[in-house]
Amino acid sequence: SPTIINAGEVPLTKLKELETYILDLSYSAEIKASALAYELILLALTPLQQKEIHASLLVQNCVHFLSENYTSPLTTIGQAAKILNVSRNHLSRQFHQEQGVPPTEYLTHLRIQKGIQLLKTTQLKIHEIAMQCGFEDPNYFARVIRKRIKESPSLYRQSER
């Protein structure tokens, strides 16, 4: 297109890193590839465009932090805010505005999705799955799963086999 703007030198090392993540096919690599692709897009933007999407970068970094740390029951939105150097309220407001859900709900969703995956693919006991998904209380985990899938984790596991 005649309106192509020169974005500067192509960051070949970042493109090679992106290729490595794409070929990995793991969930963690998928998240890293997404974040790196986003970073490459940012590099191609003008300073004014970068300023306009600063909030998006904040939310993207929060999503990355939560995705990397959801398995720990100690992971909180307060922790994410501290690492991202913003207030918890600011992060929560931006996150909810851009993602359509509060960050706490997003974190719970990540944990539930992992729990459902482990119920389908492993023979781990329910309390072990709860712990691996960042739930300290297996009973709470079972209630949350039951609310989401409309049956107990044990029944769900049996129906999936």
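This is a selection-by-selection tour of a predicted, single-chain helical model.

**Whole chain**

Start with the full chain, coloured by secondary structure. The chain has 10 helices and 0 strands, so the element string from the N terminus reads α-α-α-α-α-α-α-α-α-α. Of its 161 residues, 30% count as buried. Take the contacts between residues at least 6 apart in sequence: 55% of them join residues at least 24 apart.**Largest nonpolar core**

Next, select Cys62, Leu66, Leu91, Phe95 and Tyr106. Within the largest nonpolar core, which has 15 residues, these five touch the most other members. Helices H4 (54-69), H5 (77-84), H6 (88-99) and H7 each give two or more residues to this core. H4 gives the most, with 6 residues.

Centre on leucine 66 and show its surroundings. Setting aside neighbours within four places in sequence, leucine 66 is in contact with Thr75, Ile77, Phe95, Pro103, Tyr106, Leu107 and Leu110. There is also a second, separate core of 12 residues, and its members include Ala130, Cys133, Phe135 and Val144.

**Phenylalanine 95**

Now move to phenylalanine 95, which sits in helix H6. Is phenylalanine 95 buried or exposed? Its relative accessible area is 0%, so phenylalanine 95 is buried; the cut-off for buried is under 20%.

Display the residues around phenylalanine 95. Not counting residues up to four places away in sequence, phenylalanine 95 touches Val59, Cys62, Val63, Leu66, Gly100, Val101, Pro102, Pro103 and Tyr106. For a distance check, select the C-alpha atoms of phenylalanine 95 and serine 56: the two residues are 39 apart in sequence, and these atoms are 8.5 Å apart in space.

**Aromatic pairs**

Keep phenylalanine 95 on screen and add tyrosine 106. The whole structure contains 3 aromatic pairs. How are the rings of phenylalanine 95 and tyrosine 106 placed? Their centres are 5.4 Å apart and their planes stand at 65°, so the pair is edge-to-face; planes over 60 degrees apart count as such. Phenylalanine 95 belongs to helix H6 and tyrosine 106 to helix H7, so the pair ties together parts 11 residues apart in sequence. Tyrosine 106 counts as buried, at 17% relative accessibility.

For other rings, select Phe135, Tyr140 and Phe141, which ring pairs link into a cluster.

**H5 against H6**

Hide the side chains and show H5 and H6 as cartoons. These helices pack at an angle of about 100°, and their axes are 8 Å apart. H5 and H6 are therefore roughly perpendicular to each other, since angles of 65 to 115 degrees fall in that class.

To see the contact itself, select Ile77, Gly78, Ala80, Ala81 and Leu84 on the H5 side, with Arg88, Leu91 and Ser92 on the H6 side. Sorted by class, this contact has 5 nonpolar, 2 polar and 1 charged residues.

**H7 against H9**

Shift to helix H7 (residues 103-121) and helix H9 (residues 138-149). Their axes come within 11 Å and cross at roughly 85°. H7 and H9 are therefore roughly perpendicular to each other.

Which residues of H7 and H9 meet? From H7, select Thr108, His109, Ile112, Gln113, Gly115, Ile116 and Leu119; from H9, select Phe141, Val144, Ile145, Arg148 and Ile149. By class, this contact has 7 nonpolar, 4 polar and 1 charged residues. Two of the H9 residues appeared in earlier stops: Phe141 in the ring cluster and Val144 in the second core.

**Two loop residues with positive phi**

Finish in the loops. Most residues other than glycine have a negative phi.

Select leucine 25, in the loop between helix H1 (12-24) and helix H2 (27-43). Leucine 25 has a positive phi of about 70°, although it is not a glycine. Its relative accessible area is 75%, so leucine 25 is exposed.

Then select asparagine 85, in the loop between H5 and H6. Asparagine 85 is also a residue other than glycine with a positive phi, here near 65°. At 71% relative accessibility, asparagine 85 counts as exposed; the cut-off for exposed is over 50%.

Conventions: Residues are numbered from 1 along each chain as its sequence is written. This is a predicted model: local features need pLDDT of at least 70, side-chain atom pairs count only at pLDDT 80 or more; totals for chains, interfaces and linings use all residues. Side-chain values use heavy atoms; hydrogens and water are left out. Axes are lines fitted to C-alpha atoms, for helices over the stretch in contact, and angles run from 0 to 180 degrees between N-to-C directions. Helices (H or I, at least four residues) and strands (E, at least two) are DSSP runs, numbered from the N terminus. Angles under 35 degrees count as roughly parallel, over 145 as roughly antiparallel, 65 to 115 as roughly perpendicular and the rest as oblique. Contact means heavy atoms within 4.5 Å. Ala, Val, Leu, Ile, Met, Phe, Trp, Tyr, Cys and Pro count as nonpolar, Asp, Glu, Lys and Arg as charged, and the others, Gly among them, as polar. A nonpolar core is a set of buried Ala, Val, Leu, Ile, Met, Phe, Trp, Tyr and Cys residues joined through side-chain atoms within 4.5 Å. Buried means under 20% relative accessible area, exposed over 50%, partly exposed in between (1.4 Å probe, protein chains only). Rings of Phe, Tyr and Trp (its six-membered ring) pair if their centres lie within 6.5 Å; planes under 30 degrees apart count as stacked, over 60 as edge-to-face and the rest as tilted.
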